[in-house]
Amino acid sequence: AGFVFVHEGIEIKMGSLMSDYLDALGEPISYFEAASCAFDGLDKMYSYNSFQITTYPVGDKDYVGSISFQDDMVETKEGVALFDTKADMIAAYGENYVDENGVLIYYFDGNEKNGRLCFILSGDEIISIEYQAPAFE
């Protein structure tokens, strides 16, 4: 269980295998990898036109760890984009968010182990949107 990001008809599930999406997404604009702080192996970052996917390794496979929006050309499955308002966010997701030091977080199905959708606002404007995978057990 977890959030899904949809880009050009491709449904990307948090915590799923990155290899399932590489061909469909095409060549990234940029790619970066570094030794993982939390896992054995490499964390990888794929940058596309309007979003960035970060993966984490488990064994010899890479899993989608997070997706962050880079501009307002993409939106959440529920229609919220960067520079929308807090009211737009609440209209799409409701008031059931947690404020952690200014980051407004929705937990998938209300359970923090099922993944997060995070919003950062400046005043009333959304300036950051990031999906995060479910907790790795």
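A pocket, as the word is used in these legends, is an open set of grid points where a 1.4 Å probe fits, with protein on both sides within 12 Å along at least five of seven lines. The views below are all drawn from a predicted model.

**View 1. The largest pocket and the residues that line it.** The largest pocket in this predicted model has a volume of about 160 Å³. Eleven residues line the largest pocket, and those closest to its centre are Phe39, Tyr56, Gly65, Ser66 and Ala133. Which strands each supply at least two residues of this lining? They are β5, which covers residues 51-58, and β6, which covers residues 61-69. The largest share of the lining, three residues, comes from β5. When the residues of the lining are grouped by character, five are nonpolar, five are polar and one is charged.

**View 2. Serine 68 and its surroundings in strand β6.** Is serine 68 buried or exposed? Serine 68 has a relative accessibility of 13%, and because buried means under 20%, serine 68 counts as buried. The side chain of serine 68 is joined to the side chain of glutamine 70 by a polar contact of 3.2 Å. If its neighbours within four places in sequence are left aside, serine 68 is in contact with Ser50, Phe51, Gln52, Ile129 and Glu130.

**View 3. Phenylalanine 83 in the loop between β6 and α2.** The helix α2 at the end of this loop covers residues 86-93. Phenylalanine 83 has a positive phi of about 75°, although it is not a glycine. With a relative accessibility of 44%, phenylalanine 83 falls in between the limits of 20% and 50%, and it therefore counts as partly exposed.

**View 4. Aspartate 109 and asparagine 111 in the loop between β8 and β9.** The strands on either side of this loop are β8, covering residues 103-107, and β9, covering residues 116-122. Aspartate 109 has a positive phi of about 55°, although it is not a glycine. Its relative accessibility is 63%, and because exposed means over 50%, aspartate 109 counts as exposed. Asparagine 111, which is found in this loop as well, has a relative accessibility of 34% and so counts as partly exposed. How many residues apart in sequence are asparagine 111 and cysteine 37? They are 74 residues apart in sequence, and in space asparagine 111 and cysteine 37 are 25 Å apart, C-alpha to C-alpha.

Note on methods: Residues numbered from 1 in each chain as written. Predicted model: local features only at pLDDT ≥ 70, side-chain atom pairs only at ≥ 80, totals over all residues. Heavy atoms only, no water. 1 Å grid on protein atoms, 1.4 Å probe; cavity = no way out; pocket = protein on both sides within 12 Å on 5 of 7 lines; lining within 4 Å. Points joined across faces, edges and corners; volume = space filled by probe spheres on them. Helix = DSSP H or I, 4+ residues; strand = E, 2+ residues; numbered from the N terminus. Nonpolar A, V, L, I, M, F, W, Y, C, P; charged D, E, K, R; others polar. Buried < 20%, exposed > 50% of the residue type's maximum accessible area, 1.4 Å probe, protein only. Polar contact = N/O pair within 3.5 Å; in protein donor to acceptor, adjacent residues only side chain to side chain. Contact = heavy atoms within 4.5 Å.
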